[in-house]
Amino acid sequence: MKKILVANRGEIAIRVMRTAKKMGIRTVAVFSEIDRNAPHVRFADEAVCIGAAPSNQSYLLGDKIIEVAKNLHVDGIHPGYGFLSENADFAEAVEKNGITFIGPKSKAIRIMGSKLAAKEAVKKYDIPMVPGIDEAITDVTKAKTIAKEIGYPVLIKASAGGGGKGMRIVEKEKDLASGMERAISEATSAFGDGAVFVEKYVTSPRHIEIQVMADTHGNVLHFFERECSVQRRHQKVVEEAPSSILTPELRNEMGIAATKVAKACDYVGAGTVEFLMDADLNFYFLEMNTRLQVEHPVTELISGVDLVELQIKVARGETLPMKQEELKIHGHAVELRVYAEDPLNDFLPSVGTLETYILPKGEGIRVDNGFDEGMDIPIYYDPMLSKLIAYGKTREEAIELMLEAIQNYKVKGVQTTLPFGTFVFGHEAFRSGNFDTHFVKNYYAPEAIQEKSRKEAEVAALMALYQYLNDQKIVQLPAN
Ligand code: MV4
């Protein structure tokens, strides 16, 4: 593989190209008109404009991207995350055109894109699943029978759903019919597929996922877990590895279950198997994400591997260069997604110009960044500016480093999730490890960070006034 095209933008495009360069592979960026001067374009060896700003006129144009790849004699396409990364038709079209798709085969993407097909595929592998039904259901009477068996509350899920879309909690039998009706119509309009199924609702779960990597020779490794329970509206904001609640035994069990899920769909490349874990530490397979995930850096830091390098190696047909027994966890890593969003205003996107943009640096700090000072944040894409990752020997050390790095991360011009990060990493529930997916709902209110930002503004105003008065020789600054 001599030349790779990255079908993405922002921090992940740069992240992938960094490893390609390290491996001596040339890089091609694609970009939309609004991204002409974006860092990922400047970082690449070659770059091609593929259309207008809206994703459906640029980053989602699979055929156009393949055409560019062919013209530039590209050997492999890396899709990053989002956009075309879990589009089975795209993966198939790339391969049909004689280019390597740096990811799984379209078959695996298709299976895992449907929750019901995924359940079907892993059925014979003895993987723990949430009690419920594993086929599409439309008959309310039948649904009532099942719900009674597993007990309320139940959760109605769309087979084609993702990110919490098309989910409906039903607390009592009298609400089941209307809940199903709504879920089916929501799924039909959102995904063009009205298939829904019913599961026992796990009320206060933790979200724990296992990183896996498979080669084309039947080897599947797992790279331990990531804990991603700090979410809001199904979007992760804080992730860490390892999880503070797993025992070595549980970790091993979940790792084995995850590799079995990968084997069940003939998986190749990097993938993530999501589990729910209840308060009694029972874990249940939820779904598999068939891409490199946003939060992959925490895994890289604790395992010492470059996951993109492994992706490229297995895409070239190489055997995974290590054995499971050789993999060990070293230290602890925490990640904060820095979004241009206003945590005081319901996390609404806060677009504008990055008037000041200074990244923290230092030992144990990694910033996977996609922006520069002076840039405008486009309204067309996900507003994530960067990922701030801190690594230490212990969880406490990683958290302290993170808090310090947040203070040294200077952003002016837009609101960001940085103050929210200070809130989370300073919170007793997070620090003790005693939290679940309801962390944000249970503990966060804008007032929690408002008080702090008001105090900071007050201090800044006082200092400015003092400086002004001093300049006017109205007051005298002390000698030191
Ligand atoms: C669940 C659940 C409780 N019980 N399934 C949310 C998105 C999708 N990946 C599956 N999700 C859930 N499925 C059962 N049977 C709770 C969630 C859930 C959740 C899962 C992981 C992380 C955050 C979450 C927030 C709300 C609900």
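Guide: Before we look around, helices (H or I, at least four residues) and strands (E, at least two) are DSSP runs, numbered from the N terminus. This is a predicted model, where local features need pLDDT of at least 70, side-chain atom pairs count only at pLDDT 80 or more, and totals for chains, interfaces and linings use all residues. Residues are numbered from 1 along each chain as its sequence is written, and side-chain values use heavy atoms, with hydrogens and water left out.

Visitor: Okay, the ligand. Which strands each supply at least two residues of the shell around the ligand?

Guide: Those would be β6 (154-158), β8 (196-200), β12 (269-277) and β13 (283-289). A residue is near a molecule if one of its heavy atoms lies within 4 Å of it. Of the 17 residues around the ligand here, K157, E199, K200, V202 and E287 come nearest.

Visitor: How do I read polar contacts, and which polar side-chain atom lies 3.0 Å from a nitrogen atom of the ligand?

Guide: A polar contact is a pair of N or O atoms within 3.5 Å; within protein, one must be able to donate a hydrogen and the other to accept it, and residues adjacent in sequence count only if both atoms are side-chain atoms. The side-chain atom you want belongs to E287. Backbone atoms join in too: an N or O of K200 sits 2.8 Å from a ligand nitrogen, and a polar backbone atom of V202 is 2.9 Å from a nitrogen of the ligand.

Visitor: What does R291 touch with its side chain?

Guide: The side chain of R291 makes a polar contact with that of E86, at 2.5 Å. R291 itself is in the loop between β13 and α10 (296-303).

Visitor: Is helix α13 buried or exposed?

Guide: Buried means under 20% relative accessible area, exposed over 50%, partly exposed in between (1.4 Å probe, protein chains only). In α13 (residues 418-426), 7 of the 9 residues are buried, so the helix is largely enclosed by the rest of the structure. Among them are L418, F420 and F423.

Visitor: And what about backbone oddities?

Guide: Most residues other than glycine have a negative phi, and most peptide bonds are trans. Against that background, a cis peptide bond joins Y152 and P153, with omega about -5°, and P153 lies in the loop between α7 (140-150) and β6. The bond from A241 to P242 is cis as well, omega near -5°.

Visitor: Where is F224, the residue with phi near 70°?

Guide: F224 lies in strand β10 (residues 220-232) and is buried, at 8% relative accessible area. L281 has a positive phi too, near 65°, but L281 is partly exposed, at 33%.
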